[in-house]
Amino acid sequence: MKDEAFSYVSPLGAVSYRWDGKVCRAVHLLAAAASAPRGHDPVRAWLDAYFAGGSAPLPRLAEPRSPFQSAMRAALLAIPFGETRSYGEIAASLGTAPRAMGQALGANPLPLLIPCHRVVAAHGPGGFSCGPEWKRRLLAFESGSTGL
DNA sequence: GCATTTGTGGCTT
DNA sequence: AAGCCACAAATGC
């Protein structure tokens, strides 16, 4: 299968994702702008809807590497738009340790699609795989889109 | 109140 | 199998 790398230029930055025509295999948040987006795929539709300030049904994502990531994905998707959960909350929800959550989230191949940016530390901003600025940007965006 | 240490469970190599 | 980690809660100061 040919997983093509698409680039989506969002108001918050450039997002690169891999779409093989059926499922979204990976998502990567870039630091700088990239080439103009070109394909018509559910991923792009979702991104468009998301950055429009709303939520949309996720495209078909690649299956998680482990069952745990599946649960983690569900737990993350359960977080409402514009809200944030702590690692401890998610960890407790999954019945695991907070540290495992950090690793699992960090190993998450599909950031943004899976709202891992909505997961913050209990007493701090936490971290982000694709750069803390993205997390901050996304949270600020969601915060402004909802209550404003 | 802030700094350090330990407990913890999954992920990467 | 061993090391690493995007945390949290409990001490120590």
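This is a short conversation about reading a predicted model, covering its DNA contacts and its two domains.

Trainee: Which residues are around DNA strand C?

Mentor: Start by listing the neighbours of the strand. Here they include Ser86, Tyr87, Arg99, Gln103, Gly106 and Ser129. By class, the surface near DNA strand C has five nonpolar, six polar and one charged residues.

Trainee: Which helix gives the most to that surface near DNA strand C?

Mentor: Helix H4 does, with five residues. Helix H3 (87–94) and helix H4 (98–106) each supply at least two.

Trainee: What share of the atoms of DNA strand C within 4 Å of the protein belong to sugar or phosphate?

Mentor: That share is 45%, and the rest belong to bases. Individual polar contacts add detail. The side chain of Tyr87 has an N or O atom 2.4 Å from a base nitrogen of DNA strand C. Gly106 uses a polar backbone atom, 3.4 Å from a base nitrogen. For Gln103, a polar side-chain atom lies 3.2 Å from a sugar or linking oxygen.

Trainee: Now the domains of chain A: where are they?

Mentor: Domain 1 spans 4–51 and domain 2 spans 67–143. Their contact takes 16 residues from domain 1 and 15 residues from domain 2.

Trainee: How many salt bridges and polar contacts link domain 1 and domain 2?

Mentor: There are zero salt bridges, but five residue pairs are in polar contact across the interface. The buried area is about 1,400 Å², with 74% from carbon and sulfur atoms. On the domain 1 side, Leu12, Leu29 and Tyr50 supply 52% of the area buried against domain 2. Strand S3 gives that side its largest share, six residues.

Methods
Residues numbered from 1 in each chain as written. Chains lettered and ligands numbered in written order. Predicted model: local features only at pLDDT ≥ 70, side-chain atom pairs only at ≥ 80, totals over all residues. Heavy atoms only, no water. Near = heavy atom within 4 Å. Polar contact = N/O pair within 3.5 Å; in protein donor to acceptor, adjacent residues only side chain to side chain. Helix = DSSP H or I, 4+ residues; strand = E, 2+ residues; numbered from the N terminus. Nonpolar A, V, L, I, M, F, W, Y, C, P; charged D, E, K, R; others polar. Domains from an automatic or database assignment. Contact = heavy atoms within 4.5 Å. Buried area = accessible area lost by both parts, 1.4 Å probe. Salt bridge = Lys/Arg side-chain N within 4 Å of Asp/Glu carboxyl O.
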